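Ready for a few exercises? Have a go at each task before you read its solution.

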Amino acid sequence: MKHLKKTWFDYFLVLFFVMILIVTLYPFLNVLAISFNDATDTLRNVNFIIPRQFTLYNYNYVFKEGGILMPLLLSIAKTVVGTVVGVISTAMLAYVLSRRDFVFQKLFTIMFVITMYVGGGLIPEYLLIMRTLHLGNNFLVYILPGLLWVYNMILVRSYIDGLPMALQEAAKLDGANDFQIWYIVIMPLCAPVIATIALFYAVGQWNSFMDTYLYAKNLPTLQYKLYEIMSQATMQLDPHSTGTMSKTVTPMAIRMAVTVVATVPIIIVYPFVQKYFVGGMTVGSVKS
């Protein structure tokens, strides 16, 4: 009897999680289907997860008419450079603030944490970047303002605090300096948390939109260019349109194609860092 009850309970759990899976996946499948479906057919506003009239015209419009090749390359360069520089800066600072022999360790930690709760606002930031640093329409405007995220620094520091101090002491006895200890001893052991913050930086850089909108419209990134494409499709203001374009492309179809284009790169990268990401997110949950 107990075995029978357990079996029915297992069936209930399986059915429940299958329903959760369907509810979770349906929006993504619907977006994907609309992006590959004929735009005029989509106007009937019928929900589906498989394209009824398969076409690549929506993506053809986004890639050819939208001219996203250069913004795509710029976004890739921005994401790669911003992630690498951000990870290195964060890891270095976290190592310094984890050193127990650093006299101002607590003071600097408090100062960094305060910035998470108190900010100067958009206007001082704009004046600093545009008038003081003169970074307007400069590639560095994508790198320098996001060079360090305090939350990521705290994650790395917490991970380093959990490592045995004997490792650093042994390296010092062998004649290693602070940089060698950080690069040779600490960094390899911090691979899980480094992968975690690298994913955070990469997603933040890839999805950022306001930096282009405010500071670098002459250097449009993919997200900003896709925003312009969606706006043009919504208003149906294509000066090169011959009439056929407006009949075969709709704002909804373009919006879904743009969503897929902006999302797929992150979906492709995530599985490769998933195991490190899970390990990094458990920082501090288990103490030896």
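**Exercise 1: the surroundings of Ser 35**

The side chain of Ser 35 comes within 2.6 Å of the backbone oxygen of Leu 32. Before going on, note that this is a predicted model, in which local features need pLDDT of at least 70 and side-chain atom pairs count only at pLDDT 80 or more, while totals for chains, interfaces and linings use all residues. Residues are numbered from 1 along each chain as its sequence is written, and side-chain values use heavy atoms, with hydrogens and water left out.

Task: place Ser 35 in its helix, decide whether Ser 35 is buried or exposed, and find its side-chain partner in a polar contact.

Solution.
- Step 1. Ser 35 belongs to helix α1, residues 2–36 (helices are DSSP runs of H or I, at least four residues, numbered from the N terminus).
- Step 2. Ser 35 counts as buried because its relative accessibility is 0% (buried means under 20% relative accessible area, with a 1.4 Å probe and protein chains only).
- Step 3. The side chain of Tyr 59 is the partner, in a polar contact of 2.6 Å with that of Ser 35 (a pair of N or O atoms within 3.5 Å; within protein, one must be able to donate a hydrogen and the other to accept it, and residues adjacent in sequence count only if both atoms are side-chain atoms).
- Step 4. Not counting residues up to four places away in sequence, Ser 35 touches Tyr 59 and others, including Thr 55, Asn 58, Ala 253 and Val 260 (contact means heavy atoms within 4.5 Å).

**Exercise 2: the nonpolar cores**

Task: which residues touch the most other members of the largest nonpolar core, and which elements give two or more residues to this core?

Solution.
- Step 1. The largest nonpolar core has 23 residues, and Ile 160, Ile 186, Cys 190, Val 193, Ile 194 and Ile 197 touch the most other members (a core is a set of buried Ala, Val, Leu, Ile, Met, Phe, Trp, Tyr and Cys residues joined through side-chain atoms within 4.5 Å).
- Step 2. Two or more residues of this core come from each of α4 (69–98), α7 (150–161), α9 (178–189) and α10.
- Step 3. Take Ile 194: leaving aside neighbours within four places in sequence, Ile 194 is in contact with Val 87, Ala 91 and Met 187.
- Step 4. A second, separate core of 19 residues has Val 31, Ala 33, Leu 226 and Val 260 among its members. Val 260 is also one of the residues that Ser 35 touches.

Methods:
Buried < 20%, exposed > 50% of the residue type's maximum accessible area, 1.4 Å probe, protein only.
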